[in-house]
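Biologist: Could you take me through one part of this model in close detail, starting from a single side chain and its surroundings, and then place it beside the other local features that the search picked out?

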Amino acid sequence: MDNLDPKEERVEPVFRNGTITIVGILLAFSLGFITHWAANPIPWQTYHLIAVLPILVGIALQIRALAILLDIKSLQRSIHDRASRIFLAGLIFAACGVALAILLDFFDISAKSALPGAS
């Protein structure tokens, strides 16, 4: 019934459950940001893909990490560590995309609110 390798170092189930909780919460924030940004009243332009792509890659990596962590095999230290690395990579991608989105919106708003004739 137990498919885990008894020789391999294991992660405590409580620690794994905490990791799953954190991954789920941060994934929800990432999904919430992309949903909120999609509903932004500023019209989307092609250059917004510069920010959308890293966010979507980050979300995909976070989902992959969550899927790995939900498997009982993630109690093995090596699998848990791999899922953690995948999650951190996804978090970095999403954070970079969010930063780019904020910058793009800032420049778009500042360009539209500039006074006519001001240089």
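**A polar side chain and its surroundings**

Modeller: In this predicted model, the side chain of Ser 30 makes a polar contact with the side chain of Gln 62, at 3.2 Å. Ser 30 lies in helix α1, which covers residues 13–38, and because its relative accessibility is 9%, under the 20% limit, Ser 30 counts as buried. Once its neighbours within four places in sequence are left aside, the residues in contact with Ser 30 are Ile 59, Gln 62 and Ala 94, so that Gln 62 appears both in this list and as the partner in the polar contact.

Turning to charged pairs, a search of the whole structure finds 1 salt bridge, and this is formed by Asp 81 with Arg 77, whose closest N and O atoms are 3.4 Å apart. Asp 81 and Arg 77 are separated by about one helical turn, because they stand 4 residues apart in helix α3, residues 77–113. Asp 81, at 27% relative accessibility, counts as partly exposed, and Arg 77, at 34%, likewise counts as partly exposed, whereas Ser 30 counts as buried.

As for enclosed space, the count comes to 1 cavity of 30 Å³ or more, and the largest cavity has a volume of about 30 Å³. Its lining consists of Trp 37, Asn 40, Ile 42, Pro 43, Trp 44, His 48 and Asp 105, which divide by class into 4 nonpolar, 2 polar and 1 charged residues.

Methods
Residues are numbered from 1 along each chain as its sequence is written. This is a predicted model: local features need pLDDT of at least 70, side-chain atom pairs count only at pLDDT 80 or more; totals for chains, interfaces and linings use all residues. Side-chain values use heavy atoms; hydrogens and water are left out. A salt bridge is a side-chain nitrogen of Lys or Arg within 4 Å of a carboxyl oxygen of Asp or Glu. Helices (H or I, at least four residues) and strands (E, at least two) are DSSP runs, numbered from the N terminus. Buried means under 20% relative accessible area, exposed over 50%, partly exposed in between (1.4 Å probe, protein chains only). On a 1 Å grid over the protein atoms alone, a cavity is a set of points where a 1.4 Å probe fits but cannot get out, and a pocket is an open set with protein on both sides within 12 Å along at least five of seven lines; lining residues have an atom within 4 Å of a point. Grid points are joined across faces, edges and corners, and a volume is the space filled by probe spheres set on the points. Ala, Val, Leu, Ile, Met, Phe, Trp, Tyr, Cys and Pro count as nonpolar, Asp, Glu, Lys and Arg as charged, and the others, Gly among them, as polar. A polar contact is a pair of N or O atoms within 3.5 Å; within protein, one must be able to donate a hydrogen and the other to accept it, and residues adjacent in sequence count only if both atoms are side-chain atoms. Contact means heavy atoms within 4.5 Å.
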